[in-house]
Amino acid sequence: MVKRWYTLTNYLFILPALLLFLVFGLYPFFKVFQLSLMSWDGISSNMQFVGLANFVEVFTQDKVWWSSVMNAAWITFLALTIQNGIALILALLCANDIKGGHVYRVIFYLPPVLSGIVIGLIWKWIFRYPDGILNVALVHMGLKHLVRDWLADPKTALNAVAAVHMWRGFGWGFVIFLAGLQNIPQQIYEAARVDGANAWQRFWYITVPLMIPVFILVSILTILGSMQIYDIIAATTNGGPGYHTEVPVTRILASMQGAGRFGYACAQGIAFGLILLTVSMLQLWVSNKMKRE
Amino acid sequence: MMSESLFYRLQRFVKLSLSYLVLTAVALSCLFPLWWMFVSALKTKISVFKDMSLWPAQQHWENFYYAWTKGGFGQYFLNSLFYTVVVVTAIVLFSSLAAYAFSRLEFPFKNFFYILLIASMMIPIPGAFIALFVLLKMLGLVNTRIGYILPQINMGLPFAIFLLKTFFDKLPRDLEDAARIDGCSRLGIWLHVALPLARPALAVVIIFNTLMVWNEYLLAMLILQDKAKMPLPRGLMVFQGVHLVDYPLLMAGMTITVVPVIIVYLLMQRHIIKGITAGALTGQ
Amino acid sequence: MKRLIISAGIFMSFLPFLLISGCSLSPKNKINADPSKTVVMWHWLTDKEDALNELAREYYEKTGVYVKMEVFAPSEAYNQKIIASAQTNTLPEIYGILGSKRDFANFVKAGHVLKLDSYMEKNNQEWKGRFFPEALKSVSFVSGNEFGVESGIYGVPIDVINIQYIYNKKIFREAGLDPQNPPQTLDEFLAAVEAVKKAGYQGLVSGFSEPWLIDCMASNFAWNIMGEEKMIATYRGDVPYTDPDWIKVFSIIERMARAGVFASGVVIKSNKDAELEFALEKDAFAFNGSWAVHVYKDMNPEIEIGIILPPKVSNANPRGVWGGAGTWFAVNAKSDKSQMAVEFLNWLTQKEQQVRLAKETLSIPAVRGCLESVPEELKGFLSGMKYVYHPRNFPVQEDSVVVEAFDKGLQSIITGEKTAKQVAEEVQKVKARQMEKKRQKQNNTAS
């Protein structure tokens, strides 16, 4: 009896978080779920119950929606590989006792403090045609055939946006990797060094296995952050040219504000959330499995 | 023998300079926009986009003064400071408590609650703001500071819990066991053992959420009415008219806005280093 | 760590104080008006904030009624605010509605907007008679409109706008063109573009990442080629987008794009980017609204600009430009102080106040007969009011999904990704699908 009571008091630890969630998280969620079953313009007092019709449309008819999901997925793929790769390399470089390392630490997560306006102005200036920094540099390097209007060219717009997104976001992965590397006890490395392991072996057999939970953490955060990309798009291409840089959030906003289809926007949001939830849970599950093995 | 050590030294030198080259190149790309923002704040409306020099011949330092006074920053600054400190403190407290419980303590439906709490981070809800407004209206919290604070704490929690739990899971348990044998309570272990060890992760949580709360404005516009309660981004709106944008003053305002965040970065990154010593001590 | 928690604890214990004593942070020189004589007005116009506050203060001194202005910006945030407030019936006495005519209609149908006809028609239509008719059209619903709103006037315009082609006179001179004799037809326009490009400038810049601008440009050609009736018939679903006239519209944009009329990156430019570029005198032409004059002058006081109607592409119909009320306000029908709100808006749209507002914010007054107050550069826009129309005032509105396909299609034509014919077919496909959906919905409600 005492034991059980003691176990139950463990709930007190999660109580503040849970209470806040129950009040401010759950109600909006149910409200949105309810609206996703309605045909509603967002303002008028009468909403029409349409059952799962909105979801049927999202899943079976809305091609633009799915191409926007694919665009975001591509950006996410690039972020997972390139952005996190760079973040990890930089974190490894900084985690070594390199002189001035702490200066770099601060500098690398500066991009997120910049507002979308500054990021938009700077990057449009870098990518512009024909006199942007990138194009001028290409000409100087003798790569004139690559010169183009990077953000406005249908072929390169998505990758250009992804580049801006990765530049802005790598700092977060970097800090978390760095924090993770600090938690690996130094003497494990020393023991390995004594045993004659070289730098690569130390990285592969000590750092990587111990960092797996952090890798999972960063990849889930990268997926969530990249799939929900919005302000970079708003600051650079606004979804264009055509539909080439449309992403789920711009589509949801288009349904909500442009088309006045509030119920449909809610259904898109929930469908999107389900995708993200599934991917994240799958990753967590995999990581738990790996841990147990 | 001699040549071998020279070879190693050379190899070390090349490696080191390569590292610095990479680090410096990336660092410059991060610093440039910040510098541009700062320099633009010193120009005039007419010269800002014409004169692309990295240091203008004439520096209009008074722009910072005008930005501060025209934007009404004094008031907004205090408000933002207040909101940020309260929200971030609450997030750190609540999330570390919860993450510790999810990592170390046992109770029924633990995994269910964990998934429930972090799932809300994964479901971006477009119309949620409007639903939130309706809720706050029911609770009588529209146009109150508390009505602006509580939802933000809730929004910051999932990420913090997720991150901290991952780090708590990684921490060695021996120290906690030792503390338990010494008769430390659960709360005592959380405070005296777990939190100090998780310092690098806490620093990340603080950095992340400070930036979030400091720059938040959509929720502020929705929930708050009085200018007197608005956070800093409201001041920046003064320079971004529907049509007219006063770029130099906007950049000056943004530069001012960015400074406190960078100070928090500077303060917190030290803890990311200190984590090493704390971690090393644990092992010994 | 302990210290951190203790200091946080101390801070938290201050919390209740700060929460309660919000008054310690209240602004200075506040007007302490009688609450029963205080009316609240919401807007998003940060660049008109000072002028409106000043007028409100004057009104208070004159009448004892205080109109408290509250600003929420940017407009997206403002929009969320009014939608959320409509849900909870907490809209202020005076507010503006952004978005489409459909959004406006929804506010009216939900009972949030006071019908103003009886006030406007008092004293032999004195108030109504002040306005440009086009300005009132933007805030009215005609009888038999598709939204089922009772016909009438539901808002008060405080300024008017229209969208035309703007050209840089200095660049014209450099390119050997006559600034006094700007191009009128499409061929003349294309020839002018060729000349300015030879002189090292770009052709036309506009904020084509914002759908409404590109939509407007095409709509102007459609108006000129097929006229209002056929456009309405298209929206109703009786004329397909593959009709030769519509193909001609798409083809003109295609021809312009292939002739290199558009500035580089035009499809991803926001209007603010485009304004910046034109102000820096990189482009000879801009397609933009009347507010732009102020914006250009603000960034480059030396710029010399002229204004022209859209290039003429057909003799079948007169040319037209989009326009109407720029900023307008609605009165909350659910407020018991709506009377005071109406009186204030009436005062605000008297000639004297309109002239002041126009001068201070460099806009065109919504009321007629203020010619002397309009700056020289804006006169071209003022005379453009004769050509003003807006699809928003048509009895039938095009489906928003079709509009999006139309605008995105135009972007693809400009980037060279698609041809005019392809886009026409694609838009028609979307149109057919939306019509089918509408039909099904009507059948469902009927049965």
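**Entry 1: domains of chain C**

I began with the domain division of chain C in this predicted model. The assignment splits chain C into domain 1, covering 32-159 + 324-391, and domain 2, covering 161-323 + 394-443. I then looked up the separation of the two domain centres, taken over C-alpha atoms, and found 29 Å. Between the domains, I noted a contact formed by 24 residues from domain 1 of chain C and 24 residues from domain 2 of chain C.

I next asked which elements supply the domain 1 side of this contact. Those giving two or more residues are α4 (101-109), α15 (379-384) and β14 (388-389) of chain C. The most comes from α15(C), which gives three residues. Sorting the domain 1 side by class, I recorded 10 nonpolar, eight polar and six charged residues.

**Entry 2: chain A with chain B**

I turned to the contact between chains A and B and looked up how many residues take part. Chain A contributes 65 residues and chain B contributes 68 residues. On the side of chain A that touches chain B, I found helix α2 (residues 11-35) of chain A to be the element giving the most, with 16 residues. The class listing for that side of chain A reads 50 nonpolar, 13 polar and two charged residues.

**Entry 3: chain A with chain C**

I made the corresponding query for chains A and C. Here 24 residues of chain A are in contact with 27 residues of chain C. Which helix of chain A gives the most to the side that touches chain C? I found helix α12 (residues 248-258) of chain A, with three residues. By class, this side of chain A holds nine nonpolar, 11 polar and four charged residues.

**Entry 4: a helix pair in chain B**

Last, I examined the packing of helix α3 (residues 73-104) of chain B and helix α6 (residues 145-170) of chain B. Their axes lie 7 Å apart, and the packing angle is about 40 degrees. I asked why the pair should be classed as oblique. Angles under 35 degrees count as roughly parallel, and roughly perpendicular begins at 65; with an angle of about 40 degrees, α3(B) and α6(B) are therefore oblique to each other.

I also looked up the handedness and recorded a right-handed crossing where α3(B) passes α6(B). To close the entry, I listed the residues of the contact of α3(B) with α6(B) by class: 18 are nonpolar, five are polar and three are charged.

How values were computed. Residues are numbered from 1 along each chain as its sequence is written. Chains are lettered from A and ligands numbered from 1 in the order in which they are written. This is a predicted model: local features need pLDDT of at least 70, side-chain atom pairs count only at pLDDT 80 or more; totals for chains, interfaces and linings use all residues. Two residues are in contact if their C-beta atoms, placed from the backbone, lie within 7 Å. Helices (H or I, at least four residues) and strands (E, at least two) are DSSP runs, numbered from the N terminus. Ala, Val, Leu, Ile, Met, Phe, Trp, Tyr, Cys and Pro count as nonpolar, Asp, Glu, Lys and Arg as charged, and the others, Gly among them, as polar. Axes are lines fitted to C-alpha atoms, for helices over the stretch in contact, and angles run from 0 to 180 degrees between N-to-C directions. Angles under 35 degrees count as roughly parallel, over 145 as roughly antiparallel, 65 to 115 as roughly perpendicular and the rest as oblique. A crossing is left-handed if the near helix is turned anticlockwise from the far one by less than a right angle, and right-handed if clockwise. Domain bounds come from an automatic or database domain assignment.
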